[in-house]
Amino acid sequence: MKHKHKFYAINEAISQIKQGSRVMVGGFGLRGYPDVLVEALAESGINDLTIISNDLGSPGIGLGKLLSNGQIKKLIGNYYNWNPDVAQAYNEGIIDVTLVPQGTFAEAIRAAGVGIPAFYTATSVGTELASNKEIREFSEKSYVLERAISADVALLKAYKADKLGNLIYYKTARNFNPVMAMAAKLVIVQVDEIVESGELNSESIVTPHIFVDILVKKE
Amino acid sequence: MINISKEEAKNRIAKRIAQEFNVTKDIVFINLGVGIPTMVANYINNENVFIQAENGILGVGPLAEGDDIDFQLINAGRQPVTERKGCSYFDSSVSFGMIRGGHIDVTVIGAFEVDGEGNIANWIIPNGKQLGVGGAMDLVSGAGKVIIAMQHNGKDGKRKIKKSCTLPITGFQEADMVVTEWAVFSLYQGRLVLQEIASDITLDELKSRTEAEFKISDNLIEFKT
């Protein structure tokens with residue numbers, strides 16, 4: 001069941017996030033990330049957060065701001081090369097970082113969303129990222145066991161929603177948003193435009209509204 | 001010791017790798033990593049080749065310039081790109097499904113080091129200024145063929161084709177081909193074989209710039225620049 005009323009003011013939406021929450025954030029290299037929601041989270045000062053995302057924006061920009069503000073306890077993601085503050089904070093012991101190969105990261109989030117607790121993959125076998133993980137052979141090839149990744153809250157960005165919460169995306173701004181929509185207990189989506197239900201082409205809807213809890217429109 | 005500029009070296013490598021794709025009459029799907037691999041696209045002239053970028057696009061066109069720049073349309077190196085005809089978009093799990101499920105025919109990827117057994121090190125320098133793995137491990141284990149594009153030597157002539165990788169590896173015996181500005185090597189069952197050598201370097205010089213031992217192909221030819 002979902003609440004019928006999905007429209008929230010930005011701060012009302014962000015107040016659903018608690019200290020210590022596991023927060024998933026869509027986006028890839030500052031594209032397709034919910035800039036207004038991230039900005040509001042940075043201003044909220046909520047801390048001790050575990051942030052689950054592909055990257056962490058750039059230094060002081062996007063999710064990078066949460067790190068500059070000291071709001072992050074732990075990161076689960078895969079590519080922090082665009083924000084060298086991450087390596088520095090990790091090397092100084094300020095934050096904990098779990099690196100997951102990007103494809104395993106996407107699949108682990110998808111798995112969480114579809115009720116699969118863990119899965120085997122060939123990616124990372126024989127590398128440091130597979131050390132201390134279960135390895136099993138299938139048809140004479142080795143695979144590593146990876147666990148699903150879920151969150152308390154997902155902060156996402158879509159291009160357009162209808163009033164029910166059906167979503168469509170724009171070009172490469174889609175990235176992790178559709179899978180994250182399935183993997184969090186509470187899904188908050190920032191959109192550019194909201195139209196009447198029935199106005200989006202049913203064949204083109206990427207994320208059906210069953211996965212969406214809260215819509216916030218970028219003003 | 002002969003030397004060429006960094007730019008010339010990179011272009012030479014990109015140009016040589018593009019030749020792998022310019023003859024195919026079948027539809028081929030490739031993924032290009034950042035750096036030299038992205039430059040390969042500049043030399044591909046075959047509409048049968050479809051470039052995939054792991055951030056969710058199949059059918060990457062040329063880099064976008066001027067009015068064509070759309071901030072939301074980028075490749076995995078965050079460069080603004082264009083769409084080619086037949087382009088499609090999808091989410092990250094479908095994108096990596098293509099890669100991990102064996103649907104991508106070739107990945108061209110850079111490396112810090114590669115060794116004589118085909119191990120690749122390209123994701124991290126321990127305790128360095130960068131922390132990230134990206135899609136490298138998925139690509140080297142999932143793509144049909146792995147082509148390494150890198151300059152033969154690093155700073156101060158440091159040899160990058162090692163007996164054994166010294167940095168953390170990205171994949172175990174995953175490299176199939178190594179292309180540098182001086183040579184083309186193939187890897188077969190854990191053995192490095194010299195297939196092509198540039199006309200402006202001698203075999204002895206190539207050996208001195210390569211730490212790994214390599215076999216010389218019976219069909220050794222001149223590097224097609």
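## A walk through the two-chain model

Let's begin where the chains meet: chain A and chain B bury about 3400 Å² between them, with carbon and sulfur atoms giving 58% of that area. Buried area here is the accessible area (1.4 Å probe) that two parts lose on being put together, summed over both. Arg31(A), Lys171(A) and Thr172(A) supply 20% of what chain A buries against chain B, more than any other three residues. In total, 45 residues from chain A and 38 residues from chain B take part in the contact, where contact means heavy atoms within 4.5 Å.

A word on the ground rules: this is a predicted model, in which local features need pLDDT of at least 70 and side-chain atom pairs count only at pLDDT 80 or more, while totals for chains, interfaces and linings use all residues. Residues are numbered from 1 along each chain as its sequence is written, chains are lettered from A and ligands numbered from 1 in the order in which they are written, and side-chain values use heavy atoms, with hydrogens and water left out.

Arg31(A) is worth a second look, as it lies over the face of Phe71(B), 4.0 Å from the ring centre. Such a placement requires NZ of Lys or CZ of Arg within 6 Å of the ring centre and within 35 degrees of the ring normal. In chain B, Arg84(B) lies over the face of Phe50(B), at 3.8 Å from the ring centre.

Phe50(B) also has an aromatic partner. The whole structure holds eight aromatic pairs over all chains; rings of Phe, Tyr and Trp (its six-membered ring) pair if their centres lie within 6.5 Å, with planes under 30 degrees apart counted as stacked, over 60 as edge-to-face and the rest as tilted. Phe29(B) and Phe50(B) make a tilted pair, 6.0 Å centre to centre with 45 degrees between the planes. This pair links strand E1 (residues 28–32) of chain B, home of Phe29(B), to strand E2 (residues 49–53) of chain B, home of Phe50(B), 21 residues apart. Helices (H or I, at least four residues) and strands (E, at least two) are DSSP runs, numbered from the N terminus. Phe29(B) is partly exposed at 27% relative accessible area, whereas Phe50(B) is buried at 14%; buried means under 20%, exposed over 50%, and partly exposed in between (1.4 Å probe, protein chains only).

Another pair, Phe185(B) with Phe214(B), is edge-to-face: 5.2 Å centre to centre, 70 degrees between the planes. Phe185(B) sits in strand E11 (residues 183–188) of chain B and Phe214(B) in the loop between helix H5 (203–208) and strand E13 (215–222) of chain B, so the pair ties together parts 29 residues apart in sequence. Phe185(B) is buried, at 0% relative accessibility.

Its strand deserves a visit too. Five of the six residues of E11(B) are buried, so the strand is largely enclosed by the rest of the structure. E11(B) runs antiparallel to strand E10 (residues 177–179) of chain B, joined by three bridges, and antiparallel to strand E12 (residues 191–197) of chain B, joined by six; strands pair if DSSP finds at least two bridges between them. Val179(B) has Val184(B) as its bridge partner, and Leu187(B) has Leu192(B).

Finally, look inside. The largest nonpolar core has 64 residues, among which Phe21(B) and Ile148(B) touch the most other members. Such a core is a set of buried Ala, Val, Leu, Ile, Met, Phe, Trp, Tyr and Cys residues joined through side-chain atoms within 4.5 Å.
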